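Welcome! Let's look at how a few labels are earned in this structure, one question at a time.

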Amino acid sequence: MTSFQPVAVPECSLDRDCTTLSRHILQQLQSFSPEAQDLSAIMTRIALAGKLIARRLSRAGLMADVLGFTGETNVQGESVKKMDVYANDVFISVFKQSGLVCRLASEEMDNPYYIPENCPIGRYTLLYDPIDGSSNVDINLNVGSIFAIRQQQVMNEDEADLLQDGKGQLAAGYILYGPSTMLVYSIGHGVHSFLLDPSLGEFILAQEDIKIPDHGPVYSNNEGNFWQWDEAFRDYTRYVHRHEGYTARYSGALVGDVHRILMQGGVFLYPGTVKKPEGKLRLLYETAPLAFLIEQAGGKASDGTTRILDIVPDKLHARTPLVIGSKDDVKLVESFIEDRKNREN
Ligand code: P6P
């Protein structure tokens, strides 16, 4: 009779499986203060939203009434996907009866959504793009959610206190719905990724303190807009066309494109165009959260001249051009803009 030898579970795998998002945040903050507990609880709710959206996306092709358009147009003037509405509502629902978030501002809503019962206690605002890249939803390609958490400074239903630069963000990150569902976040202590383990229903720590390379081979932009760009962006594009060591990658979904840049290095750029000189991407819930994250990973983010985190929006849905990624690659793009300015002066 052979004696039963229990399989030794390496301590790290058990410990890793127990390193949930909420525990990680408290470890990061090295505090159990009410503020730390709040952030931990908010991030846990964001993770719940991610699970609900991931579940819906994984079945989208099999369920009625999930894919396709609603027939409505949002404040951005964009046709609204059914998945946009579902995801927007998920974030609202997970924060009801939470006592945490008083106000939610989203790409999909003209004005912020208030949860009055939370406001006396919950002094936080969630800014989010519920489904970024929704044009990819119907063709089963990656999409993402982008979020930022800010302290709420006023109790009245006035969005003026939201019109601040991105340095006041308490936390920011994204959820990437790809082959795996990954949550990448920062609360100002580095950038960390968590993978959803469907068998546990938990986001489990995947990588801590992610650092973006100072340079990478990837440049990511929609060259179909080349004819609409300022000459400086054309100069940059011609440069990478003529020099070895660059490769173009563009999925049409910001979260996936920026995640690739974070992991492999390089630069994503969405310049202003003739039609949209201020660019297409929205500051408060797209470019500012991503800029916060990329800077925490050692990268850089600007609108081509001004640091994204220094830009103060004039309205809730303000847009900015975006140049984001590896320090050296962002500087290279900025150098073409500087050169053009010097030549014109
Ligand atoms: P274009 C998706 O609509 C989005 O907001 C981002 O996710 C993406 O980076 C960008 O627009 C793509 O825009 O003009 O290249 O289709």
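A residue counts as buried when its relative accessible area is under 20%. Keep in mind that this is a predicted model.

Q: Why is R103 called buried or exposed?
A: R103 has 0% relative accessibility, so R103 counts as buried, the cut-off being under 20%.

Q: What makes the pair D161 and R103 a salt bridge?
A: Their side chains meet with N to O at 2.8 Å, and the limit is within 4 Å. The pair links distant parts of the chain, 58 residues apart: D161 lies in the loop between β6 and β7, and R103 in strand β3. D161 is at 12% relative accessibility, so D161 counts as buried.

Q: How do you know whether R234 and E231 are buried or partly exposed?
A: Buried means under 20%, and partly exposed lies between that and 50%. R234, at 19%, therefore counts as buried, whereas E231, at 28%, counts as partly exposed. These two also form a salt bridge, with their closest N and O atoms 3.3 Å apart. Because they are three residues apart in helix α5, about one helical turn separates them. Salt bridges that share partners join E231, R234, D235, R238, R340 and R343 into one network.

Q: Why is α2 called roughly parallel or roughly antiparallel to α3?
A: The two helices pack at an angle of about 150°, with their axes 9 Å apart. Angles over 145 degrees count as roughly antiparallel, so α2 is roughly antiparallel to α3. The residues of their contact divide into eight nonpolar, four polar and no charged.

How values were computed: Residues numbered from 1 in each chain as written. Predicted model: local features only at pLDDT ≥ 70, side-chain atom pairs only at ≥ 80, totals over all residues. Heavy atoms only, no water. Axes fitted to C-alpha atoms, helices over the stretch in contact; angles between N-to-C directions. Helix = DSSP H or I, 4+ residues; strand = E, 2+ residues; numbered from the N terminus. Parallel < 35°, antiparallel > 145°, perpendicular 65-115°, else oblique. Nonpolar A, V, L, I, M, F, W, Y, C, P; charged D, E, K, R; others polar. Buried < 20%, exposed > 50% of the residue type's maximum accessible area, 1.4 Å probe, protein only.
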